[in-house]
Amino acid sequence: MVGKIWLLALAFYGVMGIARATDAPSAPARVIEEIVTVKTPQGFSQQGVLSKLDSAVAPQKLLVVVSGHPGVTRPRLNEAGQITTRQNGNFLVRARQHLLSPQVVTLLLDCRSDFETQCPDNYQASAERAQDIALLVQEVQRKIPSLVHIWAVSTSRGVITTAGLLKHGQNLYAGIVHTAGTYSKARDQGLEFGPFKTPQFIFHHRQDPCPMTYHRDAVAIAEKWGVGLASVSGGSGFRGEACQAFTQHGFAGREEQVAGAIRRLVESGTLAQTQID
C-alpha cells in the first residue's frame, strides 16, 4: 500500500544550490514531497519522503538519504500542512532540498515500523535492511519510471546502512556516499569499505570533534580502499555536544556547500571538488 501526502514548498538556493547566481534575481524553486510506504516481507512498513523539484520532468538519478542516530525519522504532515520528521535537525534531513536538481530526486529513509526509538546497528548492517530499502526504491521507480541510476548517501551512524548496501546491495547502486561516518561502528557489525566495484565517496569535516568520527579515520579509509575524499573546512553557528548535528560533525554553516557538492557528484559521477572551504 502506498500512502500519498503531497507538499508544495518554496526553497531558496544560492550559488551552490539549484538557482545559480546571475545578474537577475533567481526565481524560487518549488519542491514537491510525498510520503511513500511499502509493506516488507515480514509484514512491517517501510516508508520514506520522496522529494523532487516541480521542474524535474524526467529525473534519472534517485539519491537514497540515510540520517544519523537514532535513524527513526517517522515523517508526517504537521498542522501547517508540511512534512516534518523526528530528525529535522539532522544534517541530511535539514539539507535535503539542496540535494535536488532537475536530474536528482531524493528519498529520505525512515527505519522500519517495528523499530520505534532507534534503528539498531545489526539491522542497519543486514541484508534484510538492504532488501527493505530496495522494495521502497522499486516503488519510487514505479512512480517515476525515468529513474535509472540509484545512489545512496548517509551521515554519521547511518554509515552502517550505506556500508551494508555495499555488501548486500546486489549492484543496485551507481554510487555510495558517506558523510561524517562512524566507520568503526560499521566494522563492529562485520562490514568493511572495500574492495567493492561500486564507487564510494566520503565527505568529512577536517575539524569534526566527535570522537567516533575524526577526519583522520576518513583519510585512512580513503587511502586504504581508493575512496574519493572531499574534506570540509569552516562553518558557523556551532552548538551542542561534539557528536550532535550542529557542530562541524553536522557541517553547520556548510550545509548548502556540502549538499551542493554531493548533488553535483550524483549528477556527474565524478568528484570534482575535494576541498570545501
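Let's start in the middle of the fold: the largest nonpolar core has 29 residues, and L63, F203, V258 and I262 touch the most other members. Several elements each supply at least two residues of this core, among them β4 (61–66), β8 (149–155), β10 (200–205) and α7 (255–268). Helix α7 gives the most, with six residues. Please keep in mind that this is a predicted model; the mean pLDDT of the protein chain is 91, and 90% of its residues reach 70 or more.

**Nonpolar cores**

- Beyond its neighbours up to four places away in sequence, L63 touches L99, V104, V105, T106, L107, W151, A152, V153, I262 and V266.
- There is also a second, separate core of 22 residues, and V36, L50, V64 and L136 are included in it.
- As a general background, nonpolar side chains tend to be buried together in soluble globular proteins.

**Two helices to look at**

- Helix α7 has 14 residues, which at 1.5 Å a residue should span 20 Å; its end C-alpha atoms are 20 Å apart, so the expected and modelled spans agree.
- The buried residues of α7 are E255, V258, A259, G260, A261, I262, R263, L265 and V266, so charged residues appear on that list alongside nonpolar ones.
- Right after α7 comes G269, whose phi is positive, near 80 degrees.
- Helix α3 (residues 127–143) has 17 residues and should span 24 Å at 1.5 Å a residue; the 25 Å between its end C-alpha atoms agrees with that.
- In α3, the buried residues are R129, A130, D132, I133, A134, L136, V137, E139 and V140.

**Salt bridges**

- The structure holds 13 salt bridges.
- E33 and R96 meet through their side chains at 2.9 Å, N to O. This pair links distant parts of the chain, with E33 in strand β2 (residues 29–39) and R96 in the loop between α1 and β7, 63 residues apart. Both E33 and R96 are buried.
- R112 and E128 form another salt bridge, with their closest N and O atoms 2.6 Å apart. R112 lies in the loop between β7 and α2 (121–124) and E128 in helix α3, so the pair ties together parts that are 16 residues apart in sequence.
- R112 is buried, with a relative accessible area of 3%, whereas E128, at 29% relative accessibility, counts as partly exposed.
- The side chains of R157 and D121 meet in a salt bridge at 2.8 Å, N to O. Because R157 lies in the loop between β8 and α4 (159–168) and D121 in helix α2, this pair ties together parts that are 36 residues apart in sequence. R157 and D121 are both buried.
- R74, R86, D110 and E116 are linked in a network of salt bridges.

**A buried glutamine in a strand**

- Q200 lies in strand β10, and it counts as buried because its relative accessibility is 8%, under the 20% cut-off.
- Leaving aside neighbours within four places in sequence, Q200 is in contact with L166, I176, H178, F193, G194, V227 and G228.

**Where to be careful**

- Over residues 1–25 the pLDDT is below 50, although this stretch has 73 contacts in the model beyond near neighbours in sequence.

Note on methods:
Residues numbered from 1 in each chain as written. Heavy atoms only, no water. Helix = DSSP H or I, 4+ residues; strand = E, 2+ residues; numbered from the N terminus. Expected span 1.5 Å × (residues − 1). Buried < 20%, exposed > 50% of the residue type's maximum accessible area, 1.4 Å probe, protein only. Core = buried A, V, L, I, M, F, W, Y, C linked by side-chain atoms within 4.5 Å. Contact = heavy atoms within 4.5 Å. pLDDT = per-residue confidence, 0-100. Salt bridge = Lys/Arg side-chain N within 4 Å of Asp/Glu carboxyl O.
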